[in-house]
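Hi everyone, thanks for making time for this one. I'd like to walk you through a single chain, strand by strand, and then stop at a few residues. Please have the viewer open.

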Amino acid sequence: ANLVRTWGYNAATQRFQLYDPAAALLSDLTALNRGGGYWINVKAAQTVTLGSGSFSLSAGWNLIGWLG
């Protein structure tokens, strides 16, 4: 409920990909790729665990690097 949307960039296809929980069927970002950078927009600050990494996100946009 805190996630607004996530953007990623696919270097192979030269396209941005989006995950929007309000429009999940239209979203084309289905997984985080090792070595990728992702913009994550949340409504309120929180700490999330993704795989083996933990990220402290501030309210608004956050840029993270995904190492898998």
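Let's begin with the sheet: four strands, open, in the order β2-β1-β3-β6, with antiparallel pairing. Please keep in mind that this is a predicted model. As a reminder, strands of a sheet pair through backbone hydrogen bonds, either parallel or antiparallel. Which strands stand at the edges here? They are β2 and β6, the latter covering 60-65. Each has a single partner strand, so one side of each is left without a neighbour in the sheet. If you look along the strands, neighbours in this sheet are turned by 20° against each other on average, with direction ignored.

Now let's go across the sheet pair by pair. Starting at the β2 edge, β1 (residues 3-10) and β2 (residues 15-19) run antiparallel and are joined by five bridges. To find the register on your screen, click on Tyr9, whose bridge partner in β2 is Phe16. These two strands form a hairpin, with four residues between them.

One residue in that turn deserves a click. Gln14 sits in the loop between β1 and β2, and its phi is near 60°, a positive value in a residue other than glycine. Is Gln14 buried or exposed? With a relative accessible area of 55%, Gln14 is exposed, because the cut-off for that class is over 50%.

Moving one step over, β1 also pairs with β3, again antiparallel, through five bridges. The handle here is Trp7, which has Trp39 as its bridge partner in β3. Then comes the pairing of β3 with β6, antiparallel as well, over six bridges. There, Tyr38 is matched with Ile64 of β6.

Tyr38 and Ile64 lead us nicely to the next topic, the nonpolar core. In soluble globular proteins, nonpolar side chains tend to be buried together. In this model, the largest nonpolar core has nine residues: Leu29, Tyr38, Ile40, Val42, Val48, Phe55, Leu57, Ile64 and Trp66. Which strands each supply at least two of them? Those are β3 (37-42) and β5 (53-57). The largest share comes from β3, with three residues.

Val48 is a good place to look at the packing of this core. Setting aside neighbours within four places in sequence, Val48 is in contact with Gly53, Ser54, Phe55 and Leu57. Of those, Phe55 and Leu57 are also listed in the core itself.

Staying in β3, let me point out Asn41, which is found in that strand. Asn41 is buried, at a relative accessible area of 12%; it makes the class because the cut-off is under 20%. Who are its partners? Not counting residues up to four places away in sequence, Asn41 touches Asn2, Leu3, Val4, Arg5, Gly60 and Trp61.

Next, for those of you who like to look for space, the pockets. The largest pocket holds about 260 Å³. Its lining comes to 13 residues, and those nearest its centre are Leu3, Thr6, Leu32, Ile40 and Leu50. Ile40 is also one of the core residues. Three strands, β1, β3 and β4 (46-50), each supply at least two residues of the lining. Which strand gives the most? That is β4, with three residues.

Finally, two serines around β5. Ser56 lies in the strand itself and counts as exposed, at 63% relative accessibility. Beyond residues up to four places away in sequence, Ser56 touches Gln46 and Thr47. Its C-alpha is 7.5 Å from that of Ala45, although the two are eleven residues apart along the chain.

The other serine, Ser58, is in the loop between β5 and β6. Ser58 is partly exposed, with a relative accessible area of 44%. Leaving aside neighbours within four places in sequence, Ser58 is in contact with Val42 and Ala45. For a longer ruler, try Ser58 to Pro21: 37 residues apart in sequence, and 19 Å from C-alpha to C-alpha.

That's my tour. Thanks for following along, and I'm happy to go back to any view.

Notes. Residues are numbered from 1 along each chain as its sequence is written. This is a predicted model: local features need pLDDT of at least 70, side-chain atom pairs count only at pLDDT 80 or more; totals for chains, interfaces and linings use all residues. Side-chain values use heavy atoms; hydrogens and water are left out. A nonpolar core is a set of buried Ala, Val, Leu, Ile, Met, Phe, Trp, Tyr and Cys residues joined through side-chain atoms within 4.5 Å. Buried means under 20% relative accessible area, exposed over 50%, partly exposed in between (1.4 Å probe, protein chains only). Contact means heavy atoms within 4.5 Å. Two strands pair if DSSP finds at least two bridges between them. Axes are lines fitted to C-alpha atoms, for helices over the stretch in contact, and angles run from 0 to 180 degrees between N-to-C directions. On a 1 Å grid over the protein atoms alone, a cavity is a set of points where a 1.4 Å probe fits but cannot get out, and a pocket is an open set with protein on both sides within 12 Å along at least five of seven lines; lining residues have an atom within 4 Å of a point. Grid points are joined across faces, edges and corners, and a volume is the space filled by probe spheres set on the points.
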